[in-house]
Amino acid sequence: MHLSRRGFWAALLAGIVAPGLIPAGSLAAPAGPAGPAALTTTYQVVSATDTTLTMRFTARNSSSAPIDVRSLDLPRAHQIGEVLSVTRDGTPVEYRGKLVKLAASEKSAYTRIPAGGAYTVDMRLADDYDLSRAGTYLVTLTSTGLTSGRGVVRTVTGIRGSAAALRTTAGTVTTSIQRAGVAAVTLRFSNCSSSEQSQLRTAIGNALTYATRARSWLAGHTAGGGNYLTWFGAYSPARFNRATTTFAAITDELTNRTVDLVCDAASPYMAYVYQADHYRIHLGRGYWPAAATGWDSKAGTLIHESSHFTVNGGADDHVYGLAEGQQLARTDPNKAVDNADNIEHFAESLG
């Protein structure tokens, strides 16, 4: 059976099974700790082209009572972290979308799904995951707090998707900061007011202080313990080396590199980056009320976001929050040393 490209997508959307193609899965599973078994999840392909694949996620509450689900466990139209697990023929597909630093209120937010109601969102998967190769794609939720059904799509041609982030120098202001004994970091501001630029120059200096202080502390505590134990857990040579190299790389960024700082007034979040778009940090509306230093500060947020860059170790967002980070260090040190909030809070904990 031969399908033209137009016929291929029409068959997919109609749910027709053809050689090399199966329809989107709608397999449902009951909710776990997030709610009673009445909460089920489904996935369905809404539209597909050469550059987009839109899949609809639905969490339906068939019970007679509302169910509260942690908002971070639910996918959104535009992902703010790796909430979905996507594989192609059994091989994990790397997430390439936004990695967001949330304000404290957002970390603990819940979404209420009313009795008999549903949470529904249309997700543009090709924008956040590399679907450029043909194969069988399996989509599930990453969170252990909500048991998920799964979506299945088999493609016979790749979907290119859109660029995750485009660098631009339009409307930028460039400045350099020279500190005694260190090289100059070059800052390029985009869409930032004079006041915001001033705050960011201060924040960069404070973030460098945090990074260098963390390096010095680690150099003097080569067996771990203390603050290391609190934020990264039990000592192992590999994990200790990971922490050391992360802060060395962030120090290099804040002394020798060109850092792009983009003020995004449309974003409600504190900040976000794209992991492979090195040294480019987007600051949202949630960034400016933060204190200059201290817990979840302007300076600490820059440490958090810089730790995400692949060249700085490629940290993830496994959990958010002070208590959650300390719990992660106790229960899963491997994830703790790879968690951006833990990296930030270790640096902030040193004063």
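One open sheet in this predicted model has four strands, ordered 5-4-9-10 and paired in the antiparallel sense. Strands here are DSSP runs of E of at least two residues and helices are runs of H or I of at least four, both numbered from the N terminus; two strands count as paired if DSSP finds at least two bridges between them. Strand 5 (91–92) and strand 10 (151–155) sit at the edges with a single partner strand each, so one side of each has no neighbour in the sheet. Strand 4 (residues 84–88) and strand 5 run antiparallel and are joined by two bridges. One bridge puts R88 opposite T91 of strand 5.

The loop between strand 4 and strand 5 holds D89. Its phi is near 55 degrees, a positive value in a residue other than glycine. As for its surroundings, D89 is exposed, with a relative accessible area of 52%. The cut-offs behind that word are simple: buried means under 20% relative accessible area, exposed means over 50%, and partly exposed is what lies in between, with a 1.4 Å probe and protein chains only.

N191 tells a similar sort of story. Its phi is also positive, about 60 degrees, although N191 is not a glycine. This residue belongs to the loop between strand 12 (185–190) and helix 4, and at 61% relative accessibility N191 counts as exposed.

A second open sheet is built from three strands in the order 1-2-8, again with antiparallel pairing. Strand 1 (39–48) and strand 8 (118–124) are its edge strands, each pairing on one side only. From one strand to the next, the twist averages 15 degrees; angles of this kind run from 0 to 180 degrees between N-to-C directions, and axes are lines fitted to C-alpha atoms, for helices over the stretch in contact. Strand 1 pairs with strand 2 (residues 53–61) in the antiparallel sense over nine bridges, and the two form a hairpin with four residues between them. Among the bridge partners, V45 is matched with M55 of strand 2, and T42 with T58 of strand 2. In a regular strand the side chains alternate between the two faces of the sheet.

Just ahead of strand 8, the loop that links it to strand 7 (110–113) contains G116. G116 is exposed, with a relative accessible area of 54%. Despite a gap of 54 residues in sequence, G116 and S62 are 4.8 Å apart in space, C-alpha to C-alpha. Leaving aside residues up to four places away in sequence, G116 touches N61 and S63, where a contact means heavy atoms within 4.5 Å.

Turning to the helices, the axes of helix 4 (residues 194–220) and helix 10 (residues 340–349) come within 9 Å and cross at roughly 85 degrees. Helix 4 and helix 10 are therefore roughly perpendicular to each other; the bins are under 35 degrees for roughly parallel, over 145 for roughly antiparallel, 65 to 115 for roughly perpendicular, and oblique for the rest. On the helix 4 side the contact is made by Y210, A214, W217 and L218, and on the helix 10 side by F346, A347 and E348. These residues divide into six nonpolar, no polar and one charged, with Ala, Val, Leu, Ile, Met, Phe, Trp, Tyr, Cys and Pro taken as nonpolar, Asp, Glu, Lys and Arg as charged, and the others, Gly among them, as polar.

Helix 10 is largely enclosed by the rest of the structure, because nine of its ten residues are buried. The buried set runs A340, D341, N342, I343, E344, H345, F346, A347 and E348. After helix 10 comes G351, with a positive phi near 90 degrees.

Overall, the protein chain has ten helices and 15 strands, and 51% of its 351 residues count as buried. Of the contacts with a separation of 6 or more, 65% are between residues 24 or more positions apart.

The protein chain averages a pLDDT of 84, and 81% of the residues score at least 70; pLDDT is the predictor's confidence in each residue, from 0 to 100. Over residues 1–36 the pLDDT is below 50, and this stretch has 85 contacts in the model beyond near neighbours in sequence. Residues 163–170 also stay under 50, with 13 contacts beyond four places in sequence.

Residues are numbered from 1 along each chain as its sequence is written, and side-chain values use heavy atoms, with hydrogens and water left out. Because the model is predicted, local features need a pLDDT of at least 70 and side-chain atom pairs count only at pLDDT 80 or more, while totals for chains, interfaces and linings use all residues.
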